[in-house]
Amino acid sequence: MNPEPSTTAEYPAAEYDVLLRDGSIAHVRPLDPTDRPALHELVERSSDRSAYLRFFTGGTATAHAYMDRVTKPEQRGRALVATVRDRLVAIAEYFPDGEGTADLGILIDDAIHGQGLGTLLLEHLAADAAENDVRELTAEVLATNHAMLKVLDDLGLEVWRSSTAGTVRIRVPLAPTPRLRAMIAARDHEAERASLARIMNPRSVAVIGAGRAPGGVGHRVLRNLMDGGFAGPIYPVNPRAAQVAGLTAHPSMSAVPGQVDLAVVAVPAAQVLDVAKECAEAGVAGLVVLSAGFAEIGRPDAEGELLRLCRSAGMRLVGPNCLGVLNNAENLNATFLSGSPAKGGIAVLSQSGAVAAAMIDRLGATGLGVSSFVSVGNKADVSGNDLLEYWEDDPATDVIALYLESFGNPRKFARIAHRVAARKPILLVKSGRTGAGDRAVRSHTAAAATPDVAVDALVEASGVIRLDSVTQQLDLARLFATQPLPAGSRVAIVGNSGGIQAMAADACERRGLAVPELPRELFGDDIRPSAALGNPVDLTAEATAEEIGAAVEAVLGHPGVDTVLVVYTPPFGSGAELTKRAIADATRSTGKTVLACVVGHDDVIDGRIPAYAFPEQAVDALARAVAYAGWRARPAEPDHHMVSVDRRTAREIVLEELSAHPEGRWLPADVTSRLLGCYGITLTPTIPVGGAREAERATEETGLPAVLKATGPDLVHKSDIGAVHLNLATAKEVGRCYRELSAALGERMTGAIVQRMLPDGVELIVGGVNYPAFGPLVMAGMGGVTADLLADRAFRVPPLSLSAATQMLDALRCRPLLYGYRGSRPVHVRALADQIVRVGHLLEDLPQVAELDLNPVIATPTGATTVDARVRLAPCRPTVSPLRRHLR
């Protein structure tokens, strides 16, 4: 809620759907004059007390007159209305006074009180008011209106009160606060959980399209529900059968004798909309549409109509084109999987049915089970964001495994995942790593920041573990589901196979894990003489199960060991079964991380020790677990680093440019300098010139030696075409170079800039892009002419703290150059980090900045100076503010 005017409307659309506290759905839109009759009906349904508390008078005459006034076309206020199941149930409005303040008012249907709709409308009103140059909302509230006073207090904004004669004067400054963001997230979380509980914890289930043929999809869902032990009523719906699988069948939803929470739809696509209408009329809470034949085959309109129907009826929708949902805690198996997966602590979401079936099958083969599983299919409604909210508090879920083909709302995913990953590991496989970008890009930053790089940056900042394959995902899930997080990176390798153990040690070193030397006396006098005891501890192929167990127990007791990797190659020694039993016995009382490599076999020993067929598998899983544990252990960072910026002027510059050039363009040097200056990003003194004589005179201001750079709308990588001349000692030399450039470049050169030659330093690049789907992405890396050659870059999603910006710099291979290399003085790293933070703020505030390059930024011991900058503006779709809760 920023009081400066916005360049774009923050609403996701003129109309949108929202979740209420109990999980039901409301529709919010701007007030329309045609709403007058519905507003009068709302007044008539309001109790005398509600009308009195809102309008300070008895009866309803004042309320009716107010509704007439507020719906007149000349009304100056801004108003939102909300409907539930197509009935208007609320109005909220504010009336600006033209001096930065506005009076607010709200009336909620008595039947909706307590569902959080008033709070939600106030959130959205406040955001809208801030964007329309209102700095403060005000209200007169009766002192006895405790409910409204509590809503205002709990909103999350600062609230100032003053009381007189039975009323309370309320003033609400609209500057956003950390508490506001936290409260909005908490309210969103509560509503999301409640809405998914209707699907994941239903009291009753109907299977529409449950046929008598055992191989049919509907029949298999029905059998899974019955065989899985679902305790509630199960209603087969089939107009052509009296019974299905021994249960009474019903011809339609209207004939079902009881209330249905969850309906599973397994009918041809052409019949789905009619079925959904029946479900809406029957008051069904959640719909799982297994049927294919929608957006995945080029019928997005049919899918959109299905979603609109569900939303208007207050139903959440899973699918279409999915396998169903499963919740082992409720014995709910509403899928057409073959059989019921074992119970366990892993929650699984998959956009692909085939991948989901393979994942669950493989988990079962290695002795692990699932807490719940949702096949989201086309993700018309319920998505990974919704399910992360549900699984965050699910006591049965310890690990979350996601297979996604697309992100519906990537920035929201990042916000939710960051919170959830602090409690439970999230393992993501996202397909489409090699897809081409969706913008034509020309800057250094944009060429490097592909959409897949954006995904990596998004998930890394959120603590999500992205994996390249489902195999890796399952390997890591086994470790997280069975073992505590590693306390550190020190690994002891114990086993009976020197070659395999050497491979494990090599893999550890490649992945940054330490294999420390262990003392000989740790193992006592009974150790086999031929054993190699340093680390890896090679007990040789003849080692018995007892010897392996004793060695494992010994290294677990060493304070310099965080994790023990046991390597066993069957059938040597005592054989696989006795050896696995010895490993289980030796590790039963330890609190340290233990995993095994039983060569050729993926398994879980004793239900708690993950075993891998090859050492690289084990080490890969362990290295990722160590990195995740380190991420969780990091101190909490502030949301972002506050900097002084002039957003108003920056937005005016952007609006003026796009008004003159609606298609967007690379900004001229002077406009670029002004825009960057609004964010405290200052370029070295730069003088634009239009001829050789002018260039010579410019050196009187910049001083010598000088730099001359050609400018033009098509001149992006100037060094590549010889458009930069450095270290020019005299004014005449500057003029001569101008003439040479003009002759060589012709019409491509529209002018040039003259700068003072700066002292030597470390050249870096700081830049960013704005992707329509992912939003802004900031890059830092080795700059100058080596930017593309060395490809030494780090990416992060803004906003950034100074600490996060410094971590970006520390991740670069050129890091030693920043901290003093071979006798050079360290550069001013904080100044560099500050530039990165400011670029992040600019990209967050101005989504029309499609590409931005500061290259080079010359870092010296005294500061960081931007020498050259390029900014491209492009029109963009309105962004969605995280302060506005809504269903996508």
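## Two buried residues, Thr579 and Pro486

Thr579 counts as buried because its relative accessibility is 0%; buried means under 20% relative accessible area, with exposed over 50% and partly exposed in between (1.4 Å probe, protein chains only). Keep in mind that this is a predicted model, where local features need pLDDT of at least 70, side-chain atom pairs count only at pLDDT 80 or more, and totals for chains, interfaces and linings use all residues. Residues are numbered from 1 along each chain as its sequence is written, and side-chain values use heavy atoms, with hydrogens and water left out.

Where does Thr579 sit? Its place is in helix H18, residues 576-586. Helices (H or I, at least four residues) and strands (E, at least two) are DSSP runs, numbered from the N terminus. The side chain of Thr579 reaches the backbone oxygen of Gly575 at 2.7 Å.

Thr579 has company in H18: the buried residues of this helix also include Lys580, Ala582 and Ile583. What do the buried residues of H18 pack against? Their partners are helix H17 (545-556) and the strands E25 (563-568), E27 (603-605) and E28 (609-612).

Now meet Pro486, found in the loop between helix H15 (470-482) and strand E23 (491-495). The C-alpha atoms of Pro486 and Leu812 are separated by 26 Å, and the two residues are 326 residues apart along the chain.

Here are the two side by side. Contact means heavy atoms within 4.5 Å, and residues up to four places away in sequence are not counted.

| Residue | Relative accessibility | Touches |
|---|---|---|
| Thr579 | 0%, buried | Ala545, Ile548, Tyr568 and Ser574 |
| Pro486 | 7%, buried | Thr563, Thr593, Leu622, Ala625, Val626 and Ala629 |

Conventions
Polar contact = N/O pair within 3.5 Å; in protein donor to acceptor, adjacent residues only side chain to side chain.
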